[in-house]
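Visitor: I'm new to reading protein models. Could you walk me through this one, a feature at a time?

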Amino acid sequence: MCGIFAVVNDKNKNAAQTILEGLKKLEYRGYDSWGIAVKPLQGKSIKYEKHVGKIGEAKTTLPKSSLGIGHTRWATHGGVTNLNAHPHLDCTGRIAVIHNGIIENYQQIKKNLIKKGHRLLSETDTEVIAHLIEETLKSQSVEKAVFNSFNKLLGSNAISVLIFDKELIIACRKGSPLVVGIDDKNNQYFLGSDVPAFLKFTNNVYFLEDGEGVIISKNSIRVFYLRSKKEKKFKPQTVSWKVEEVEKSGYPHFLLKEISEQKETIGKTATINDKKIIQVANLIKKGYQPVFTGCGSAYYCSLGGKYFFAKSKVQSQAYSANEFIPFARLTNKNTLMIVISQSGETADTLISAKEAKKYGAKIVAVVNARGSTLERLADVTIPVSCGPEIAVVSTKAFTAQLATLYLLSEAVTGNLKKAQEEIKNISLVLKNWLNENLLKQLISLSKNLINEDNIYLIGKNFNYPAALEFALKLKETSYIHAEAFAAGELKHGVIALIKKNTLCFVLAANDEVKEEILSSAAEVKARGGKIIGVAPFDSNEFDQLVKTPDLGDLTILANIIVGQLLGYYLAVQKGYDPDKPRNLAKSVTVK
Ligand code: F6R
């Protein structure tokens, strides 16, 4: 949600170009507008540009410079306009600020600044920061002015500041991610909301902690505690991501690449995290009560976990993290809060984890991105390690997390080894199944679906969370209204929606509820509905079948992949960008 990027001592003295390329790698965090500000090698003021829309093939005409900041925006306060795009400048034009987050008290700060004569031009909360620094600078050093101004902001925020009179970038973090990239070889330094932004230059990084600030000049990187202003000795770390992982590598879109990568990423979950899984399983065996939480796909994954655990005779709860707070007081020191998140930075998810922690819960993070806030607040982290997920829509992280929850549920009953073999085998089966024929069938199906206004989906047991996830994929990428229901809910009201030619996907497996879901399909068909089965078997109730491999309880993995691919092809057929669906951002760092 908003991408921050900065470079200090750009080796080609072309900071604007480096920033533009970095922003392209961060665009998944927000893509309604973007902007860059640099301190030119020659000239008497900061130079900047701002544009509405995606960066695409944009070029920059900003002058030569070795220092600058850039931002890609996901609007919160104020519409999508050039004026509201970042960077925002103070009255003198000598301070430029970019920001990720929401300043909860910005109205009050704005009022005070206006009283003092500041002229604010945009509708954003961000602009107050530049003016607040300008005001504070009247009595304090640059470093203190930035740190103290930041300390006055309420909410989750990260900022990066360029000050014309100084050869440095200052950045602060509380709640929103910031990571420093250290390219010692070329003596150039970076700052980003995420590692892919500068991975091309370095994988030597320092993840800023909440309440820390950093001053980056061409001679040093100094980290400070924002409250005490004391300097902190920090230790950079190496991240294992490779440059190819943040490139499309021949695929037309990241989404298709990441869907395809599941042939490996699902299987990989069976070869990593043994010890962590056993450690968490032992906690459950000792009597800790599992509570799953996450948002969006991660919530559906949580629901999947609840079904897996039920099969292992473990009582658990699953809450959407954005509705968890009323239930937080039910947690206690016996609660094992299993928090699912690709990014580890989702605001509602973090709030829920922190709240449960306050009541004494132990936190287990099942995450993909490394160095995240969630990872830092967790007692145990199970990294699903499927590499950077760049497409906004979650695919490979979701299935790796679901597979990991399956392993965990089996580990509780002492069947981890067996489950690992199963998952490894599934990976082989997926390799065969995800072939040209399947893709052809789904391309052709997507062509038949492009004019649908409403699509319904039903599932039962494990296939219920799978249907929810399938529907979310269709909604996000094709903007078709797709609604999933537990098959048994149909007769309690939903069936009123079914009329002639209403399209209904039926997700099924060879399991104990097979006959029941087919009865529900028959009820829809009897009312004129058109049924597309997604299952390892055919049935008279299906007008069409997308055949998935029979993977036992894990058939849902293949059923969900069908939804991911259909969503992808629908977006392509409709001329939408599958990697960057409208209105969405990859990492939702605001509540
Ligand atoms: C759906 C999707 C979102 C995320 C949700 C949580 O395709 O990507 O629903 O799953 O925003 O994000 P993380 O997993 O980063 O906490």
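Guide: Sure! Keep in mind that this is a predicted model. Let's begin with a loop: Lys229 is found between β13 (221–225) and β14 (231–232).

Visitor: What is the phi of Lys229, and is it positive or negative?

Guide: Here's the general idea first: most residues other than glycine have a negative phi, and most peptide bonds are trans. Lys229 isn't a glycine, yet its phi is positive, at about 65°.

Visitor: Which peptide bond here is cis?

Guide: Look at the bond from His86 to Pro87, where omega is near 0° and the bond is cis. You'll find Pro87 in the loop that links β4 (65–73) and β5 (88–89).

Visitor: Now the ligand. Where does the ligand sit?

Guide: Its place is the largest pocket. Two elements each give two or more residues to the shell around the ligand: α7 (297–311) and α14 (463–478). Of these, α14 gives the most, with three residues.

Visitor: How many residues surround the ligand, and which are the closest?

Guide: A residue counts if one of its heavy atoms lies within 4 Å of the ligand. Here 14 residues do the surrounding, and the closest are Ser341, Gln342, Ser343, Thr346 and Lys473. Sorted by class, the shell has five nonpolar, seven polar and two charged residues. Domain 2 (248–433) and domain 3 (435–584) each supply at least three residues to the shell.

Visitor: How do I spot polar contacts with the ligand?

Guide: Look for pairs of N or O atoms within 3.5 Å. Ser343 uses a polar side-chain atom, 2.6 Å from a ligand oxygen. With Gln342, a backbone N or O atom lies 2.6 Å from an oxygen of the ligand, and for Ser297 a backbone N or O atom is 3.1 Å from a ligand oxygen.

Visitor: And how much of the ligand's accessible area does the protein cover?

Guide: On its own, the ligand has 410 Å² of accessible area, and the protein covers 90% of that.

Terms used:
Residues are numbered from 1 along each chain as its sequence is written. This is a predicted model: local features need pLDDT of at least 70, side-chain atom pairs count only at pLDDT 80 or more; totals for chains, interfaces and linings use all residues. Side-chain values use heavy atoms; hydrogens and water are left out. A polar contact is a pair of N or O atoms within 3.5 Å; within protein, one must be able to donate a hydrogen and the other to accept it, and residues adjacent in sequence count only if both atoms are side-chain atoms. Accessible areas come from the Shrake-Rupley method with a 1.4 Å probe; for residues, only the protein chains shown count as cover. On a 1 Å grid over the protein atoms alone, a cavity is a set of points where a 1.4 Å probe fits but cannot get out, and a pocket is an open set with protein on both sides within 12 Å along at least five of seven lines; lining residues have an atom within 4 Å of a point. A molecule sits in a cavity or pocket if more than half of its atoms lie within 2 Å of its grid points. Helices (H or I, at least four residues) and strands (E, at least two) are DSSP runs, numbered from the N terminus. Ala, Val, Leu, Ile, Met, Phe, Trp, Tyr, Cys and Pro count as nonpolar, Asp, Glu, Lys and Arg as charged, and the others, Gly among them, as polar. Domain bounds come from an automatic or database domain assignment.
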